[in-house]
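Please work through the exercises below with the structure open, and try each task before reading its solution.

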Amino acid sequence: MKKILAIVLAALIVLTLSSAFAEAKPGDGLYIGVVYKQSGNAYFQASVEGVQKAADELGFTFEHDGPDDGSSDGAIRIIENFISKGVDALVISANDPDALVDVCTQAMEEGIKVVSYDAEVAYPGRDLDVQPSSAKNIGLTLLESIAKSVNYEGQIGVVSAMATAPNQNLWISYIEEELEANEAYANIEYVGVVYGDDEYQKSFDETQALLNQYPDLKGLIVPTTVGAPAVSKCIQDAGRDVKVTGLTLASDMKTFIEAGICDETFLWNPIDLGYVASYAAVALVNGDITGAAGDNVVAGDYDLTVEAKDDAGATILYLNKLNVFNTETVDAWIDIL
Ligand code: RAM
């Protein structure tokens with residue numbers, strides 16, 4: 001009798017412990033950790049709206065976080081925390097492509113699927129990278145935009161985000177390559193890049209320094225939603241005739257577009273980016289895709305095919321939508337972005 005009691009007791013303890021363990025994950029379904037470059041960035045808040053939309057449709061739960069200081073160490077701590085909470089997948093925008101590879105590889109070894117989105121985690125630290133458009137298309141669109149605004153002559157520069165940011169660095173590399181190679185830009189003098197670290201005040205101050213250093217500056221490309229309003233405000237306050245183009249939220253830029261500081265700015269829909277990245281993460285967890293070239297990801301109206309990025313095995317999924325904001329289109333976007 002004592003033996004039977006002991007067995008029943010032991011079974012009860014195991015049952016209690018295992019249900020407590022199950023409750024460590026919110027809900028019984030799939031659980032995703034979303035990590036972005038920095039907290040408090042409206043662009044990433046919009047991307048989380050997209051994750052929420054996917055969660056409503058697919059029934060997963062998720063948490064999201066980004067380091068306050070935009071540091072890689074902060075991102076690594078957040079990822080480690082998600083790993084210990086037992087996430088099934090991580091959806092990550094990296095502030096440094098290489099710094100996150102080790103922790104992401106560790107996650108993958110534990111069976112967690114890793115999707116980078118917006119700013120890539122370098123391969124092999126991810127199963128799949130989801131991007132709004134090809135880096136070359138984004139870079140060349142911005143370059144042609146500023147070239148048009150300055151009538152294809154004079155000094156131009158770039159105010160970027162963090163110096164390690166993989167997405168900005170790639171776009172800038174295409175801008176620099178094209179400036180050298182394309183005769184259409186022969187009369188444009190490139191003064192280089194400064195980094196605002198995706199912080200408003202730093203972007204403003206770096207712009208002020210550029211304005212002081214280059215009295216003949218004609219244009220700035222600002223491929224960051226945090227930097228663009230700061231740069232434009234600095235130019236407006238200084239009363240200088242310097243044109244700005246860049247990647248921006250529409251609502252941030254309406255006044256600067258209407259004031260003529262920007263002829264046009266651009267952005268994909270970050271809500272859609274978070275949405276598609278989440279669908280890809282769920283498809284990976286469910287085994288519907290492996291992240292290999294040729295895999296198909298269907299998310300709402302999107303029906304996308306994974307492409308090979310290089311010969312080493314890295315793969316990428318493009319949304320291929322770049323919207324333009326100008327005096328004619330900006331009003332239609334300000335309630336969305
Ligand atoms: C900022 C971030 C993000 C980038 C956008 C355009 O919000 O740097 O990574 O994609 O700008």
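**Exercise 1: the mixed sheet**

Seven strands, or in figures 7 strands, form an open sheet with mixed pairing, in the order 2-1-3-4-5-14-13. This is a predicted model, in which local features need pLDDT of at least 70 and side-chain atom pairs count only at pLDDT 80 or more, while totals for chains, interfaces and linings use all residues. Residues are numbered from 1 along each chain as its sequence is written, and side-chain values use heavy atoms, with hydrogens and water left out.

Task: find which strands stand at the edges of this sheet, and state how strand 13 pairs with strand 14.

Solution. Strands here are DSSP runs (E, at least two residues), numbered from the N terminus, as are helices (H or I, at least four), and two strands pair if DSSP finds at least two bridges between them. The edges are held by strand 2 (61-65) and strand 13 (307-308), each of which has a single partner strand, so one side of each is left without a neighbour in the sheet. Strand 13 pairs with strand 14 (residues 315-318) in the antiparallel sense over 2 bridges, and A308 has T315 in strand 14 as its bridge partner.

**Exercise 2: the parallel sheet**

Task: describe the open sheet of 4 strands, and say which helices lie across strand 6.

Solution. The order of this sheet is 7-6-8-9, with parallel pairing; its edge strands, strand 7 (188-195) and strand 9, each pair on one side only. Within it, strand 6 (residues 154-160) is joined to strand 8 (residues 217-222) by 4 bridges, and G157 stands opposite L220 in strand 8. Helix 5 lies across strand 6, strand 7, strand 8 and strand 9, whereas helix 6 lies across strand 6, strand 7 and strand 8.

**Exercise 3: two helices in contact**

Task: classify the crossing of helix 5 and helix 6, and list the residues that make the contact.

Solution. The axes (lines fitted to C-alpha atoms, for helices over the stretch in contact, with angles from 0 to 180 degrees between N-to-C directions) of helix 5 (residues 135-149) and helix 6 (residues 166-181) come within 8 Å and cross at roughly 55°. That makes helix 5 oblique to helix 6, given that angles under 35 degrees count as roughly parallel, over 145 as roughly antiparallel, 65 to 115 as roughly perpendicular and the rest as oblique. The contact (heavy atoms within 4.5 Å) is made by A135, K136, I138, G139, L140 and L143 of helix 5 with L170, W171, Y174, I175, E178 and L179 of helix 6.
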